[in-house]
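Thank you all for making time this morning. I would like to walk you through one structure, going from one part of the chain to another, and I will try to take each step slowly.

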Amino acid sequence: MKYFDEMRALLLERLDTDRELEEREIREGIDELLLSCGRRPLTLKEREELGRELFYSVRGLDVLQELADDPEITEIMVNGYRNIFYERKGRLYRWEKCFSAPERLEDVIQQIAAGCNRAVNEQTPILDARLEGGERVNVVMAPVALNGPALTIRKFPEKPVTMEILTAWDSITPEAADFLKNLVRARYTIFVGGGTSTGKTTFLNALSRFIPEDERIVTIEDTAELQLQGTENLVRLEVRPETLQGGKEIGIRQLIRTALRMRPGRIIIGEVRGAEAADFLNCLNTGHEGSLGSAHANSIRDMIGRLETMALMGRQMSEQVIRRQIAAGIEILVHLERDSSGRRRVQEIGEVTGIRQGEVQVQPLYRRNRQQVLEPSGCLERREKLEKWQEEENGKGKNPI
């Protein structure tokens with residue numbers, strides 16, 4: 001590691017780091033360095049490995065780049081410069097490599113922040129951003145992080161995960177997938193819930209593929225992660241934090257209000273986290289049927305409670321008014337979980353059927369049994385939209401799929 005650090009220091013001395021360097025210039029500088037300053041003869045394999053690591057340390061994510069390039073790795077977690085973990089196929093592993101010094105990790109973090117036109121330091125120790133390739137990044141530094149900077153990178157598949165793929169993974173049964181497909185096309189409003197890293201965004205992506213191509217969609221996200229395919233009339237909105245140049249923060253609540261003026265056919269909110277729940281419920285109750293959203297929740301019942309709490313943060317309304325808005329605006333709930341092997345699966349699908357004795361009522365439609373098989377557990381009560389859509393499809397000479 002000491003030899004590498006010496007070579008890296010020499011490389012930085014030779015490169016003009018006061019300007020943005022092209023990839024060609026960096027690679028040429030590395031080749032010249034390896035030919036002229038090698039302490040000992042290197043084999044071709046050693047030279048290629050050292051050259052790659054030097055390039056990653058200047059332009060890429062340093063020691064993390066190898067993990068970032070692995071398509072099977074979905075999450076990278078750095079706990080200080082010595083401890084690196086990653087997730088592959090739902091399981092966590094420790095990476096045998098680490099940063100050679102705290103400064104190297106700091107360099108990567110500042111490189112990420114600069115690429116987003118953001119600052120992260122002791123005055124602003126938390127950063128949420130995304131890389132050029134769309135990966136979501138979270139940084140926590142001192143004084144909040146006590147054991148050195150914590151860096152988390154959430155990767156997303158290059159090709160969106162479809163419902164067919166989720167079916168092949170046993171995340172959902174073909175019957176339940178077809179049921180949800182028909183509900184999306186019939187413009188039922190669907191809300192997806194689950195814990196951290198249960199695949200909520202992935203599931204929203206899969207559901208969105210069932211939206212007819214001729215509809216206008218507006219997506220709203222804290223950090224852009226949705227990968228909608230086959231939709232030409234698409235507007236993507238993303239929260240903007242306060243910038244270094246003094247640009248004001250633009251939050252999800254403002255984006256929801258703006259989206260309502262953009263003639264959206266459907267609105268998709270990547271994740272509802274706080275007071276914006278009140279604005280989302282408002283848009284669901286003002287003619288934007290078929291919209292989609294997600295939130296953290298431990299169960300379908302918990303999802304109702306979470307929505308109530310978040311909506312109350314956004315508006316001075318009674319619980320009963322909020323509950324009426326939930327019952328009128330949201331029709332289908334999908335709950336996702338991770339099993340002991342790390343697989344992400346649909347645990348339950350439920351229907352919001354109304355209010356009884358002041359409480360929002362949810363009827364299970366699909367639920368996993370003791371053998372962990374997702375099976376029907378009830379019949380859809382609010383069938384008007386589905387039957388109308390089926391009649392329209394039959395009128396076009398098509399059979400409902």
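**From a loop to the cores and the charged pairs**

Let me start with a single residue, Ser-171, which is found in the loop that runs between α6 and α7. Please keep in mind throughout that what you see on the screen is a predicted model. Is Ser-171 buried or exposed? Its relative accessible area is 5%, and because buried means under 20%, Ser-171 counts as buried. If we set aside residues up to four places away in sequence, Ser-171 touches Leu-166, Arg-344, Arg-345, Val-346 and Arg-368.

Next to it in the numbering comes Ile-172, and here, again not counting residues up to four places away in sequence, the list of residues touched is Met-163, Leu-166, Thr-167, Ala-177, Leu-180, Phe-203, Val-346, Arg-368 and Leu-374.

That brings me to the nonpolar cores. Which residues touch the most other members of the largest nonpolar core? This core has 36 residues, and the ones in question are Ile-172, Leu-180, Phe-203, Ile-332 and Val-334. Several elements give two or more residues to this core, including the helices α6 (163–168), α7 (174–185) and α13 (384–395), and the strands β7 (190–194), β12 (332–338), β13 (344–356) and β14 (359–368). The largest share, six residues, is supplied by α7. Apart from this core lies another one, of 34 residues, and among its members are Ala-278, Ala-295, Ile-304 and Val-352.

Helix α8 is also on the list of elements that give two or more residues to the largest core, and I would like you to look at this helix, residues 200–208, on its own for a moment. It is mostly covered, since eight of its nine residues are buried. Phe-203, which I named a moment ago, is one of the buried residues of α8, and others among them are Lys-200, Leu-204, Asn-205 and Ser-208.

Let me now move to another part of the chain, to strand β1 (residues 73–79), where we find Ile-73. Ile-73 counts as buried, because its relative accessibility is 2%. Leaving aside neighbours within four places in sequence, Ile-73 is in contact with Leu-67, Tyr-86, Glu-87, Arg-88 and Lys-155. To give you a feeling for distance, Ile-73 and Asp-178 are 105 residues apart in sequence, and their C-alpha atoms are 30 Å apart in space.

One of those contacts, Tyr-86, leads us to the aromatic rings, for which the count comes to four aromatic pairs. Why is the pair of Tyr-86 and Tyr-93 called stacked? The ring centres are 5.6 Å apart and the planes meet at 25°, so the pair is counted as stacked. Tyr-86 also pairs with Trp-95, but in an edge-to-face way, with 6.0 Å from centre to centre and 85° between the planes. Both Tyr-86 and Trp-95 are buried, whereas Tyr-93, at 36% relative accessibility, counts as partly exposed. Taken together, Tyr-86, Tyr-93 and Trp-95 form one aromatic cluster.

A ring can also have a charge over it, and in this model Lys-385 lies over the face of Tyr-188, at 5.6 Å from the ring centre.

My last topic is charge. Side chains of opposite charge can pair when their charged atoms come close. How many salt bridges does the structure hold? The number is 26. In strand β1 again, Glu-75 forms a salt bridge with Arg-154, and the closest N and O atoms are 2.7 Å apart. This pair links distant parts of the chain, as Arg-154 belongs to strand β6 (residues 150–154) and the two residues are 79 residues apart. Both Glu-75 and Arg-154 are buried.

Compare that with Asp-279 and Arg-253, whose closest N and O atoms are 2.5 Å apart. Their salt bridge joins helix α10 (residues 276–284) to helix α9 (residues 252–259). Asp-279 is buried, with a relative accessible area of 5%, while Arg-253 is partly exposed, with 26%.

Finally, Asp-170, Asp-339, Arg-343 and Arg-345 are linked in a network of salt bridges, and Arg-345 is also one of the residues that Ser-171 touches, which is where we began.

Key. Residues are numbered from 1 along each chain as its sequence is written. This is a predicted model: local features need pLDDT of at least 70, side-chain atom pairs count only at pLDDT 80 or more; totals for chains, interfaces and linings use all residues. Side-chain values use heavy atoms; hydrogens and water are left out. Buried means under 20% relative accessible area, exposed over 50%, partly exposed in between (1.4 Å probe, protein chains only). Helices (H or I, at least four residues) and strands (E, at least two) are DSSP runs, numbered from the N terminus. Rings of Phe, Tyr and Trp (its six-membered ring) pair if their centres lie within 6.5 Å; planes under 30 degrees apart count as stacked, over 60 as edge-to-face and the rest as tilted. A charge sits over a ring if NZ of Lys or CZ of Arg is within 6 Å of the ring centre and within 35 degrees of the ring normal. A nonpolar core is a set of buried Ala, Val, Leu, Ile, Met, Phe, Trp, Tyr and Cys residues joined through side-chain atoms within 4.5 Å. Contact means heavy atoms within 4.5 Å. A salt bridge is a side-chain nitrogen of Lys or Arg within 4 Å of a carboxyl oxygen of Asp or Glu.
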